[in-house]
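User: I would like to go through this model by way of its contacts, its overall form and its unusual backbone angles. Please keep the answers short.

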Amino acid sequence: MTAVEDRAGTAAAPEKEIGRARRRKEDARLITGRTTWTDNMVLPGMLHLAVVRSPVAHARITSVDVSAAREAPGVVAVFTGKDLAEEQGSLPCAWPVTPDMVNPGHPSIAVDQVNHVGEAVAVIVARSKAAAQDAVELADIDYEPLPVVLDMEQAVQDGADLVHDHLESNTSYHFVFDAGEMGTGGDTEQAFSGADVVVSRRFVQQRLIPAFMEPRSVVVQPQGDNYTMWSATQIPHILRVMAAMVTGIPEHKLRVIAPDVGGGFGGKLQVNPEEILCLLIARRLGKPVKWTETRSESLMTAHHGRDQVQFVDVAADREGNIKGLRVRLLADMGAYLRLITPGVPALGAFMYPGIYKFPAYRFECDGVFTNKVPTDAYRGAGRPEATFAIERIMDELAVELGMDPLELRRKNWIDAAEFPFTTVAGLAYDSGDYESATQQALELLGYDELREEQRRRRESGDPVQLGIGISTFTEMCGLAPSRVLGSLAFGAGGWEHASIRMLPTGKVEVVTGSTPHGQGHETAWSQLVADSLGVPFEDVEVLHGDTAISSRGLDTYGSRSLVVGGSAVVKAADKVIAKARKIAAHLLEASEDDLEFEGGKFSVRGTPGTGLGIQEIALAIFAAHDYPEGIEPSIDAEATFDPENFSFPHGTHLCAMEVDTDTGFVKIRKYACVDDVGTIVNPLIVEGQVHGGLAQGIAQALYEEAVYDADGNLTTGTFVDYLVPSAADLPHFDTGNTVHAAPGNPIGAKGVGEAGCIASTPAVVNAALDAVRHLGVTDIRMPLTPERVWRAIHQGGDGGDRATAGSNAYGGAQTETTAGVATDASSLGGDR
Amino acid sequence: MIPAPFAYARPTTVEEALQAIADGGEDVKVLAGGQSLIPVMRLRLAAPETVVDLGKVEGLRGVRDDGDAIVIGAMTTHSDVMADPLIAEHAPLIAEATGTVADRQVRHRGTFGGALVHADPAGDLPAVALALDAEFVIVGPGGRRTVPASEFFVDYLTTAVGEGDLLVEVRVPKLSGEWSMRYEKFNRVAQAWSIVAVAAAVRRENGRIAEARIGLTNMGPTPLRARQVEEALAGAEATAEAVAAACERAAEGTEPSSDLNAQADYRQHLAKVLTRRAVSTAAGL
């Protein structure tokens with residue numbers, strides 16, 4: 001009864017959908033699994049692939065004997081690199097960051113040489129997945145070892161061993177952004193030479209694994225000369241273009257479908273070797289094929305993220321006015337360049353100045369080849385690295401100057417009145433207020449009380465010390481203005497497409513080119529359309545992820561979906577209304593100019609009681625019995641939105657950290673953050689994105705690290721060793737928002753997908769250091785394992801490398817990381 | 001993540017199980033809960049010829065009172081151990097340690113006996129069994145025998161349960177006097193194996209520590225008793241200083257391994273700190 005009354009009471013002014021904490025309409029099917037994941041696909045006559053992978057990091061392939069595998073029960077075919085060499089082409093790299101960037105080419109399957117552990121060397125095709133997997137161990141491949149290149153700082157030395165011996169060095173490119181040369185800032189060398197204070201640090205961004213929940217999976221169905229590919233991908237549209245170019249299958253003969261996809265974090269922003277292999281093999285055999293990776297394959301061979309060494313210098317005067325910033329990076333490409341491998345550090349180049357008014361800035365980056373799996377996009381992609389570097393060095397500068405870290409930031413950040421503000425990196429920050437976000441975050445944390453407790457613990461020499469870490473960040477989101485991407489040599493644009501179909505019964509289909517993989521597009525887009533068209537939220541269905549249904553799109557990454565894709569939806573809705581207006585005027589026998597549209601209804605101004613709902617118009621135009629001359633009988637519409645600028649979410653993240661000096665164990669006592677992500681369409685989704693982002697950013701600070709041993713084996717080959725935290729390991733999050741609408745898009749949204757991940761890592765590390773700096777600790781390498789923290793406190797240094805001999809994958813049971821790799825050892829039974 | 005082919009037997013009695021093991025060929029693995037066996041089989045780190053699944057064997061589950069001891073069936077799941085009133089009364093250390101094992105899903109399937117026979121040095125239950133002087137009842141072709149904990153853990157992943165044998169139950173002696181206990185586990189995330197852990201049981205009498213028993217997890221290829229600490233604590237004053245001094249000896253005689261989470265010297269340091277904490281908590285300090 002209450003609900004009915006409420007509805008009646010608010011009928012005059014229906015509640016706006018934008019701003020409502022709607023539960024996500026897609027969640028029931030996603031959470032229960034009652035949906036189509038790629039691996040659920042079963043097609044008549046479908047064959048299964050298993051990949052034989054290199055157990056060595058760098059070697060020449062001297063012989064490949066797959067005769068036993070071919071004879072194994074259930075096996076239909078076995079393909080080696082030689083079998084596919086002529087047709088496999090090279091996996092694409094869409095981001096040549098410099099004109100002379102060296103790209104060695106990236107075969108989907110190795111032909112004569114392997115360059116990282118896990119690289120494909122043969123593919124088994126069998127009638128069942130189990131039969132294919134059994135035959136993997138029968139493939140007999142001989143390798144002649146080559147020297148393994150793992151350490152970037154060694155790899156760039158003259159005379160270093162080479163990953164690709166047909167290249168002159170291990171350096172793929174040298175990318176420079178110099179504000180002085182670009183005219184966006186002063187001369188950096190001059191700024192440093194005249195500075196009172198220069199602080200220099202070397203930070204290590206460890207290698208991370210995206211660790212999406214659903215492993216990668218591909219199904220390809222050939223039908224005549226047409227091919228349909230289902231893939232657990234973030235980028236069905238980009239994948240279609242790229243796969244067509246690589247395989248020579250004409251684009252119009254290739255349909256790509258991303259059904260419901262279980263996460264990506266950038267890890268599925270890729271054209272994977274196995275996607276190409278499935279196409280090639282389906283074409284060869286004329287039969288549908290499926291490949292689904294094991295978790296071991298996923299950790300070992302899906303692209304990794306981060307892995308940079310950062311040399312950062314900051315110059316300032318004694319009063320704390322910053323004068324210049326200099327950044328030199330070594331960025332680990334891994335063995336090959338994948339889709340945007342070289343672009344990740346280059347994208348970060350523009351974010352190192354952060355929220356500060358640096359007068360001078362120079363950035364240089366070397367992309368370096370090593371015998372490891374390639375790196376590529378991972379949540380934040382370049383911006384977390386930049387934010388970490390600037391927020392860490394600001395703390396170091398504060399220590400050097402004897403200033404409060406917050407005061408130093410205040411002194412140098414862009415004031416609210418200065419927006420829009422063009423930074424030394426040439427970006428025009430759109431809107432925001434760093435002071436108000438900071439004030440709110442300080443209150444959420446209970447900053448003053450915690451500082452007082454910190455003082456007490458220090459004075460009493462408590463074994464558990466307390467620290468507070470600050471991260472005041474911004475990021476560039478809403479990727480991206482197409483012209484800007486062009487100027488950065490990126491291979492595609494950054495626009496997004498949407499169309500709206502008004503069905504005869506008044507229901508609405510929204511087709512989006514921004515393909516979700518867990519973000520909640522269906523809910524948020526429904527809210528946008530419900531408000532624009534004045535139709536019930538429940539009457540909107542969002543279609544996505546199928547290039548035959550959603551023919552134009554650039555998919556989901558870089559916090560772009562709502563900002564760019566949502567804007568396209570809003571623009572398309574505007575066009576629907578404009579078309580419907582002509583028909584309403586005709587049917588109401590009124591002038592278009594006299595019509596007003598509100599709550600889904602056209603009415604004649606000053607004539608109460610008249611009116612025609614847009615859903616009624618949808619039926620009328622379906623019948624098409626009575627509509628104006630000279631227009632087409634449809635109110636469907638489509639729109640493409642290309643932003644003119646990035647959007648710039650910002651926020652202040654504060655972490656209070658307890659450090660047990662006896663054991664080195666760190667524990668987050670309290671975490672508070674206030675993010676400005678512009679207009680909030682769905683507060684529940686925003687909160688969820690912030691929580692998930694915080695978990696991933698905290699994970700980089702405290703838990704996650706992909707470790708290779710001296711031979712190039714991935715030691716952290718299972719989730720026992722690659723530690724992804726769960727809710728049990730994370731604190732309560734105190735979150736808040738300020739709202740400064742983004743001026744660059746009709747929604748006013750700035751993007752939230754990466755904020756938590758970008759901002760949190762430096763807050764956490766700064767907090768730990770703040771807790772133990774008085775004990776002589778100046779840096780601790782990420783992740784802050786208890787051992788590293790303990791060593792830094794008691795032995796000095798940054799905690800050092802971790803022991804990589806063996807692994808404790810099964811408790812104390814030492815294992816080699818041979819999972820999924822065909823070696824004698826992998827088929828051993830023994831007492832394990 | 002598909003295991004290599006294997007034969008599968010699902011006996012319903014202990015006799016049938018022994019026969020299935022005897023008939024199973026060269027490499028037989030007993031499936032008690034699958035907490036460790038299933039992952040290593042799926043990763044093909046183990047490829048047994050036959051798996052003998054104890055899931056349907058009668059009489060191996062549950063806890064009973066047997067006068068001066070409680071008897072825990074080998075196939076009692078971790079979650080049943082945590083909820084059992086006899087264990088809560090007589091050996092709460094077992095319940096506390098079991099509560100730190102892996103996650104809920106694993107504790108629902110993993111078994112007490114399975115974890116002990118697997119004898120992973122990073123597993124939590126072996127050190128507890130050792131500290132409580134548990135006795136292991138083993139049946140085999142030669143009949144039934146009882147092995148004390150001090151002789152049960154032979155080496156890395158190796159126990160007194162020989163080929164063709166089966167652990168059927170574990171007897172935990174009831175302790176007399178005022179005992180209190182603590183399992184102090186150190187790991188990085190909630191579901192992880194122990195980097196180091198310490199099981200402590202302490203009997204206090206007249207303001208002094210009359211007796212202490214301390215088991216160490218992951219400080220060598222087998223669980224260890226910290227005998228030097230136990231001796232130093234016997235009769236010591238129940239003060240923070242006395243406990244700390246005694247626990248400085250916790251790493252003596254240990255040979256911990258080095259891995260991603262900890263190198264050996266750090267493990268030895270942790271053993272001292274965690275022993276002090278476990279004993280202090282158990283002693284009510």
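User: What share of the contacts in chain A with a separation of 6 or more comes from residues 24 or more positions apart?

Analyst: This is a predicted model. In chain A, the contacts considered are those with a separation of 6 or more. Of these, the share from residues 24 or more positions apart is 80%.

User: What radius of gyration does chain A have, and what would a compact globule have?

Analyst: Chain A has 832 residues, and a compact globule with that number would have a radius of gyration near 28 Å. The C-alpha trace spans about 85 × 75 × 55 Å along its principal axes. The value for chain A agrees with the globule value, at 28 Å.

User: How many helices and strands does chain A have, and what percentage of its residues count as buried?

Analyst: The secondary structure of chain A comes to 23 helices and 28 strands. Buried means under 20% relative accessible area. Of the 832 residues in the chain, the part that counts as buried is 64%.

User: What part of the exposed area of chain A do carbon and sulfur atoms supply?

Analyst: The area that chain A exposes is about 29,000 Å². Carbon and sulfur atoms supply a share of that area equal to 51%.

User: How far apart are the centres of the positive and negative side chains in chain A?

Analyst: Chain A carries 70 positive side chains and 113 negative ones. Taking the centre of each set, the distance between the two is 2 Å.

User: Which residue does the cis peptide bond from A:Phe419 lead to, and where does that residue lie?

Analyst: The cis bond joins A:Phe419 to A:Pro420, with omega at about -10 degrees. A:Pro420 lies in the loop between α14 (405-412) and β16 (421-422).

User: Which residue follows A:Met782 across a cis peptide bond?

Analyst: Omega for this bond is near -10 degrees. The residue in question lies in the loop between α22 (755-772) and α23 (786-795) of chain A. It is A:Pro783.

User: Is A:Asp307, with its positive phi, buried or exposed?

Analyst: Most residues other than glycine have a negative phi. A:Asp307 has phi near 70 degrees and lies in strand β13 (residues 305-316) of chain A. Its relative accessibility is 10%, and the cut-off is under 20%, so A:Asp307 counts as buried.

User: Where does B:Ala102 lie, and how does its accessibility class come out?

Analyst: B:Ala102 has a positive phi, near 45 degrees. This residue lies in the loop between α5 (92-98) and α6 (104-109) of chain B. Because its relative accessibility is 22%, B:Ala102 counts as partly exposed.

Methods. Residues are numbered from 1 along each chain as its sequence is written. Chains are lettered from A and ligands numbered from 1 in the order in which they are written. Side-chain values use heavy atoms; hydrogens and water are left out. Helices (H or I, at least four residues) and strands (E, at least two) are DSSP runs, numbered from the N terminus. Buried means under 20% relative accessible area, exposed over 50%, partly exposed in between (1.4 Å probe, protein chains only). The radius of gyration is taken over C-alpha atoms; the globule rule is 2.2 Å times the number of residues to the power 0.38. Contact means heavy atoms within 4.5 Å. Accessible areas come from the Shrake-Rupley method with a 1.4 Å probe; for residues, only the protein chains shown count as cover. Lys and Arg count as positive and Asp and Glu as negative; His and the chain ends are not counted. The place of a charge is taken as NZ of Lys, CZ of Arg, CG of Asp or CD of Glu.
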